[in-house]
Each structure stands twice: as structure tokens, then as C-alpha cells.
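Take a moment to look over the sequence and the 3D view before reading on. The paragraphs below will walk you through them step by step.

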Amino acid sequence: MNEDPANHFEDELRRRLRPVNAPEGFTDRLMAALPAQQKPVVVPFTPRVRPSSHPVGIPAALAASLLVAVLFGVRVADHRALVAEQTEQRKGLEASRKLMQALHVTSQKLDLAFEAVNNPPTAGDEENRS
Amino acid sequence: MNARIGFVIAALVLSGPAWAAPRGQLQIPEFAALSEKASESVTVTFDAQMLGMAARFLSNTDPEQAKAKKLVSSLTGIYVRNYSFDTDYAYPKGDIEGVRRQLNAPGWNRIVGVVSRKENSNVEVFVLVDGEKAQGLAIIASEPREFTIVNIVGNIDFEQLQDLEGNFGVPELDIETPKKPAAPAKKPASGEK
């Protein structure tokens, strides 16, 4: 009677796990216990919006950056145009001032020439008049 | 082929001054060094483009500027060098002579020449006449402490020039319009050159 305890355990396990038939009338009793007509359960479903910013955030950020860049560019262009206009106006005014100065000098010298021609000189003053 | 290209380049180089400067325009030195020595200076170098820009900014309501605007509308260049000094003859006479020599070219007529030994001053007025139209005006005026070179290029309307003089308080210029038959009032002067 020297039995191996391991074999005994295995035999016991097989015996316990062997398929057995259901008791007589089990199926009928189970079916009788179920409700006659089972109503479907309606589970309310509301899709949850994930607060993740990943899908929407990057395009929005890009669009915002683009908008800022465009607005900044427009502002810079406007500023440059304004500066260019002011520069041109300053140059134009300076040019017109110099033009008037040049005409004044011209007039003064013409005045000098024709004054000398129109007013006869005193004796020995003018050497050559034409 | 190379000889032909060389000929074309040589022709362009030789004819350079002719197409580079409009008729009536003198080669006036910049006198850059004199600006520092001068007590007062006016240096104006206006080609047609600059004249156009300057004219745009002249007022139409100011009578003086309005007349100037009308005068410069037919001009293609105004070149003025005017320097005043604190000492006598601080300017290079040679450069002035260089400009005067250019006025010996055909077409230029000296209409006024005044030399005052008492004041050591010299004023000459030249006109470049092309056909019936004056295409250029040059004034060379020198005094011990001041010299002026004026060169006006373009279709010069003498009536407008007279108007300009009157406008700036200068006596009426006794130059007849070339179209008028009585023009040779100053013609003998041109023969003095």
C-alpha cells in the first residue's frame, strides 16, 4: 500500500472534473425560471467628446500663426510704403527748394548782366560791354 | 567679325559724349572740394527726371512757384554752381576757363559780356540757338570772392524767361524772341566771340 501522493491527487482531480449529466428536469426548471419575454435593455449612449487638443489644436495654431504673419506682413508693407512716400515727399520738397534756389541764382546773375548793360558805366569803370 | 564689333564699339565710344549729354548741356565740374572751402554754395544738378520731380512739388497757388513750374516744364536740365568765399580767388580759374571753352562750340552765341576791372568782375551770358529755338543758356559770372556757372538746357522760352526775371524782381530782359524779326538787338554781341 505504498501509494504515490501525486498519483492520488491526479486521480482525484480527474474524478472531480469528469463530465456529468445534468440532473433530471434541470433544463425544464431553468427554462421555467426565465421570464416569458425579455425586454431589450436600452442603454443611453452619448458620445463623449474628448477634450484632447491634438487633432484640432495644430491646424488652429498654424492658421493663427499664418494670420498673424499675414497681418504683420501687411502692417510692415504699409509702414514701408508710408516711409517711402514720406521719403519721396521730403526729396521732392528739397528738390523744389533747390530748384527755386537755382532759379534765384540765375535771375541774380542775369540781373547783374543786364543791369550793367542797361545802365551806362561811369568813365573808366567798365572795360568791355557787349 | 571681330573687326566689325570693334568698329561698332569704337564708334559708340567716340560718339559717347554726343548721345550721353543732351545738346546744350555743358560738362560742368562738380567742384566737390570747393563746397568745403566756400562760405556759401549752391550746387544744383537737375536732369529732366529731377526737374520733373521738383516741379511736381512746386505750388500752383504760390505765384512765384507757379511761374517757375511753367518755365521748367519745357526744360531738360538745370545745372548751377555758385560759390562764395571769404578770401579772394579761392577758386580754380582753370575749371571756369574749361567751361568757357565749351561755349566756343558751334551754335553758342555770347549775347552779353561785361568785364569790370574796377570790381574785377566778369559776367557773360551765352545762348545756344538751334534753328529758331534756344536750346541752351549759359551764364558765367566771376568776382574775386564768388563765381557762378549756370547752364539751362531745353526749349527755353524767352518770354517765360522774361517773366521769370520780372517775377524775381529782375529788370526785363532785353532779348527778343528768336521768332520775332527784330531779334538782332543783341546779335552784334555774338560776333565778339
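We begin with the overall picture and then turn to one helix and one residue.

Please keep in mind that this is a predicted model. A good place to start is the predictor's confidence in chain A. Its average pLDDT is 81, and 83% of the residues in chain A reach a score of at least 70. Confidence varies along chain A: helix 3, covering residues 54-118, has the highest mean, at 88, while strand 1, residues 126-129, has the lowest, at 50.

Now move to chain B, where eight helices and six strands make up the secondary structure. If you follow the sequence from its start, these elements come in the order α-α-α-β-α-α-β-α-β-β-β-β-α-α. Chain B has 193 residues, and 45% of them are buried. Its contacts also tell you something about how the sequence is brought together: among contacts with a separation of 6 or more, 60% join residues that are 24 or more positions apart. On the outside, chain B exposes about 10,000 Å², and 53% of that area is supplied by carbon and sulfur atoms.

Next, find helix 5 of chain B, which spans residues 63-72. Which of its residues are buried? They are Ala68(B), Leu71(B) and Val72(B). These three lie on the same side of helix 5 of chain B because they cover an arc of only 85 degrees around the axis. Turn to the face pointing away from that buried side, and you will meet the exposed residues Pro63(B) and Lys70(B). The N-terminal end of this helix has a cap, provided by Asp62(B). A side-chain oxygen of Asp62(B) sits 2.9 Å from the backbone nitrogen of Glu64(B).

Our last stop is Glu146(B), found in strand 6 of chain B, a strand that runs over residues 146-156. Is Glu146(B) buried or exposed? Its relative accessible area is 19%, and buried means under 20%, so Glu146(B) counts as buried.

What does the side chain of Glu146(B) make polar contacts with? One partner belongs to chain A: the side chain of Lys109(A), at 3.1 Å. Another is in chain B, where the side chain of Asn82(B) makes a polar contact with that of Glu146(B) at 3.0 Å. Leaving aside residues up to four places away in sequence, Glu146(B) touches Lys109(A) and Asn82(B), along with Tyr83(B), Ser84(B), Tyr91(B) and Ala141(B). Try picking out these neighbours in the 3D view, starting with Lys109(A) from the other chain.

Note on methods:
Residues are numbered from 1 along each chain as its sequence is written. Chains are lettered from A and ligands numbered from 1 in the order in which they are written. This is a predicted model: local features need pLDDT of at least 70, side-chain atom pairs count only at pLDDT 80 or more; totals for chains, interfaces and linings use all residues. Side-chain values use heavy atoms; hydrogens and water are left out. Buried means under 20% relative accessible area, exposed over 50%, partly exposed in between (1.4 Å probe, protein chains only). Helices (H or I, at least four residues) and strands (E, at least two) are DSSP runs, numbered from the N terminus. The arc is that of the directions from the helix axis to the C-beta atoms. A polar contact is a pair of N or O atoms within 3.5 Å; within protein, one must be able to donate a hydrogen and the other to accept it, and residues adjacent in sequence count only if both atoms are side-chain atoms. Contact means heavy atoms within 4.5 Å. pLDDT is the predictor's confidence in each residue, from 0 to 100. Accessible areas come from the Shrake-Rupley method with a 1.4 Å probe; for residues, only the protein chains shown count as cover.
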